[in-house]
Amino acid sequence: MKFPENFLWGGATSAVQCEGGYDKGGRGLANVDLVPVGQDRYAVGSGDLHANDFDPQAFYPTKSAIDLYHNYEEDIALLGEMGFKVYRFSISWTRIFPNGDEKEPNQEGLQFYKNIIKECGKYGIEPLVTISHFECPMGLVEKFGGWRDRRMVEEYAKYAKTLFEEFQGSVKYWITFNEINMVLHLPFVAAGIRFDEGENRNQVMITAVHHQLVASALATKLAHEIDPDNQIGCMMAAGPHYPETCKPRDYWKAMEDDRENYMFIDVQSWGYYPQYALNWVAKRNAEIPFIDGDRELLRNHPVDFVSFSYYSSHVSTSEENRTDVTPGNVFQSIVNPHLKSSEWGWQIDPLGLRITLNLLSDRYRKPLFIVENGLGAKDRVEDNGKIQDDYRINYLQEHILAMRDAVSEDGIDLIGYTTWGCIDLVSNTSGEMEKRYGFVYVDLDNEGAGTRKRLKKDSFEWYKKVIASNGECL
Ligand code: BG6
């Protein structure tokens, strides 16, 4: 059984993780620009960073990243060579509105993305644009405190409207926010939030997400008004929670953990907060900051499709204080003894992808789009310049098989599949370059040293065949 004729095979990146050129073309400073590489990236990425702390002389991994800003022609040509049908990339908000609050967009920034879209067009690649992928102008973080402030909704709507108007007819698929459930795990990176001493952090986070949900519904409204062909998606970091045992309490905990992940895309897909979400908020002594018109806006403008990233499943337990947790993962999960792990401790579970597709399909009855999946691994360049990444091929092969079962046996309505980091880029959680996902290797190390030369890995030719055979040759 084949994938549908028009199945969108491709890959995904985000602006801040690959573009570099942080001060080029009038771009302003973004929150992620301040987050360093290394062990404490996480802690700092959730904390107290200020625009004045940015030292232009210091090394930050996203400052130059892989310099896609200057190499986009060569890079997109490589994606074209693999036969990509779709390329998911994000637009850097601070290239379009450098400080966030300007009245007019920065033309140089718009031109950069027009060039990217034009390059995609050369190879028949459909763009899939993430409007906000873990990026917020530092100008708005300083002025408003990020998404905790309602005024972010207007700034985002102005930015999104600019994109819909500028790229009308050339971009059809849009994602409003990357992994919206991550606001609860990476508040600074995902929502520009810095906490004050002693404040109710849950209140701040739920306020920020509510503003994003309203902004997402408003963007969906605008997108459909500007061009009824626009297709708007929500996006979550997915992966089912398995109960550790058949103890009912473990099942209950797994259900609660799953719900915490679904909570926000439920609102984007259904148009209202389900009762369990209202309970979640109330239990944390928080309130959703509704104002007049919010409920109608959410209800009248749900998304067209549901997209998600999938790297791993998780294990939930009702026991307190367990220490056997998986390392390096934003989600706290205890180790699943039945699964292998990546070098970063992310557990590998292809069947979990099929389970996820079924759960999301049952829940939303909307087309699904897998917009991130892949294996972060250390690659070695042989003396002859070859990179034998059979581990990556195996990982993707097993996940594509699971996806094929979901499409052919379970009848899931799946639009496409974009592997994460199709060209090596800076890791979000560690800031490292050496956590590589790509089909294309980039000669660059964790300290920013290297030629940035691009090399094809073995997986490059493999994925090219997968696409050419529409998923038959794995
Ligand atoms: C997703 C993000 O959470 O996972 C990406 O949307 C990120 O931005 C990807 O890069 C992989 O995570 P990491 O930490 O390996 O880069």
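I began with Gly 11 and found that its bridge partner in strand 2 is Tyr 87. Strands here are DSSP runs of E with at least two residues, helices are runs of H or I with at least four, and both are numbered from the N terminus.

I noted that this is a predicted model, in which local features need pLDDT of at least 70 and side-chain atom pairs count only at pLDDT 80 or more, while totals for chains, interfaces and linings use all residues. Residues are numbered from 1 along each chain as its sequence is written.

I then looked up the neighbours of strand 2 (residues 86-90), taking strands as paired if DSSP finds at least two bridges between them. Strand 1 (residues 8-12) pairs with strand 2 in the parallel sense over three bridges, and strand 3 (residues 126-132) pairs with strand 2, also in the parallel sense, over five bridges. In strand 3, Thr 130 is the bridge partner of Ser 90.

Next I checked burial, where buried means 20 or more other C-beta atoms within 10 Å of a residue's own, with C-beta atoms placed from the backbone. Val 86, Arg 88 and Ser 90 point one way from strand 2, Tyr 87 and Phe 89 point the other way, and all are buried.

In helix 10 I counted 19 of 26 residues as buried. Its expected span, 1.5 Å times one less than its number of residues, is 38 Å, which agrees with the 37 Å between its end C-alpha atoms.

Last, I listed the 15 residues that surround the ligand, the closest being Ser 309, Gly 376, Ser 427, Asn 428 and Thr 429, each counted if its C-beta atom, placed from the backbone, lies within 6 Å.

Note on methods: Buried ≥ 20, exposed ≤ 12 C-beta atoms within 10 Å, placed from the backbone.
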